[in-house]
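Reader: I'd like a close look at one part of this model, with whatever else is worth a visit along the way. Feel free to keep it informal.

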Amino acid sequence: MNIQMLGTGSAFAKRYYNNNALLFSDGQTAMLDCGITAPMALHQLSKTFNDIHALVISHIHADHVGGMEEFAFQMKFVYKRSVPLFVPAPLIEPLWETTLKGGLMQEECQTLDDYFEVRPLLEGQSCEILPGLAIRPIRTKHIAGKPSYSYVVNDTFFYSADMKFDAELLHALVAGGCQVIFHDCQLKPPGAVHTTLEQLLSLPPVLQERIWLMHYDDTMPDYEGKTGAMRFVEQHRVYSF
Ligand SMILES: O=c1ccn([C@@H]2O[C@@H]3COP(=O)(O)O[C@H]3[C@H]2O)c(=O)[nH]1
Ligand SMILES: [Zn+2]
Ligand SMILES: [Zn+2]
């Protein structure tokens, strides 16, 4: 599996774009989250939404879904094709009712299904979203009262999206065969809704070696060399795992 970040920044970062990813498998591309900066980030890679074969969403914050209105309109009215949208079942209704409906609803388009092929994901159940690419959602803690999901990819790769520190989960994932972890990282405490660098540094080196840091703020360069055995994920670099 190959992964390339469209952006690696926190919600308010201005240098690194929203923390969204492209996953490549068997000549096809899945997008994991589509934030406000995703359309521009794709453009900078000389890609369009027509290059995307599947979209996956982690939770409803603008840095993860803010680019979906353009995605939907472009697919419907420019490329005239419907992309499979993989969404954890509890997010489907709020994604439409609280985030997308205002812009996308019009006479001939009244539901999310008028724009995407909606495929509900069930927690803990693996789903093949592209040939050779299976994802398994895990509900993780982020904001009280707001469902949010991390993903295990092909049983060996963990993508936190946005989550509070959960050492027990990280230990269990590695014990279960997870080789690589892309984890959100709030550089400065306190970590009210994200995992902080300080918390990740409390993990044993054997775990840190597998962890790559993403969703960081614009001060990231100040932390080079201060992340233990963990490395920063770089925007646009293609990683093969
Ligand atoms: O209860 C809250 C809700 C939100 N926020 C901020 O808004 C941001 C929204 O995107 P994010 O989830 O990447 O990061 C969040 C935080 O930076 C917060 O600090 N406390
Ligand atoms: Zn975020
Ligand atoms: Zn969030």
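Reader: Let's start with the loop that holds proline 190: between which strand and which helix is proline 190 found?

Author: Proline 190 is in the loop that runs between strand S11 (180–184) and helix H6 (197–201). Strands and helices here are DSSP runs, of at least two residues (E) and at least four (H or I) respectively, numbered from the N terminus. This is a predicted model, so local features need pLDDT of at least 70 and side-chain atom pairs pLDDT 80 or more, while totals for chains, interfaces and linings use all residues. Residues count from 1 along each chain as its sequence is written, with chains lettered from A and ligands numbered from 1 in written order.

What you'll want to look at in that loop is the peptide bond between proline 189 and proline 190: it is cis, with omega at about 0°. Most peptide bonds are trans, and most residues other than glycine have a negative phi.

On the phi side, there are two residues to show you. Serine 46 isn't a glycine, yet its phi is positive, near 60°. You'll find serine 46 in the loop between helix H1 (38–44) and strand S4 (54–56). Serine 46 has 7 other C-beta atoms within 10 Å, so it is exposed; the cut-offs, with C-beta atoms placed from the backbone, are 12 or fewer such neighbours within 10 Å for exposed, 20 or more for buried, and partly exposed in between.

Histidine 215 is another non-glycine with a positive phi, about 55°. Histidine 215 belongs to the loop between strand S12 (211–214) and strand S13 (231–232), and it counts as buried because 28 other C-beta atoms lie within 10 Å.

Step back to methionine 214 and you're in strand S12. Methionine 214 is buried too, since it has 24 C-beta neighbours inside 10 Å. Setting aside neighbours within four places in sequence, methionine 214 contacts Met5, Thr8, Asn19, Phe182, His183, Asp184, Cys185 and Val233; a contact means C-beta atoms, placed from the backbone, within 7 Å. The C-alpha atoms of methionine 214 and phenylalanine 232 are 6.3 Å apart, with their positions 18 residues apart in sequence.

Now over to helix H4. There's a kink of about 45° in H4, centred on leucine 95, where the bend is the angle between axes fitted to the seven residues ending there and the seven starting there. Leu91, Leu95 and Trp96 of H4 are buried. The buried residues of H4 pack against helix H2 (62–65) and strand S5 (83–88).

H4 (residues 89–104) also packs with helix H3 (residues 68–78), at an angle of about 45° and with the axes 10 Å apart. Those axes are lines fitted to C-alpha atoms, for helices over the stretch in contact, and angles run from 0 to 180 degrees between N-to-C directions. On the H3 side, the contact is made by Met68, Glu69 and Ala72, and on the H4 side by Leu100, Gly103 and Leu104.

Two more prolines finish the tour. Proline 90 sits in H4 and counts as partly exposed because it has 15 C-beta neighbours inside 10 Å. Its C-alpha is 8.9 Å from that of leucine 122, 32 residues away in sequence.

Proline 120 lies in strand S6 (residues 116–121). With 13 other C-beta atoms within 10 Å, proline 120 is partly exposed. Leaving out neighbours within four places in sequence, proline 120 contacts Val87, Ala89 and Ile92. From proline 120 to valine 87, 33 residues apart along the chain, the C-alpha separation is 5.2 Å.

Terms used:
Contact = placed C-beta atoms within 7 Å.
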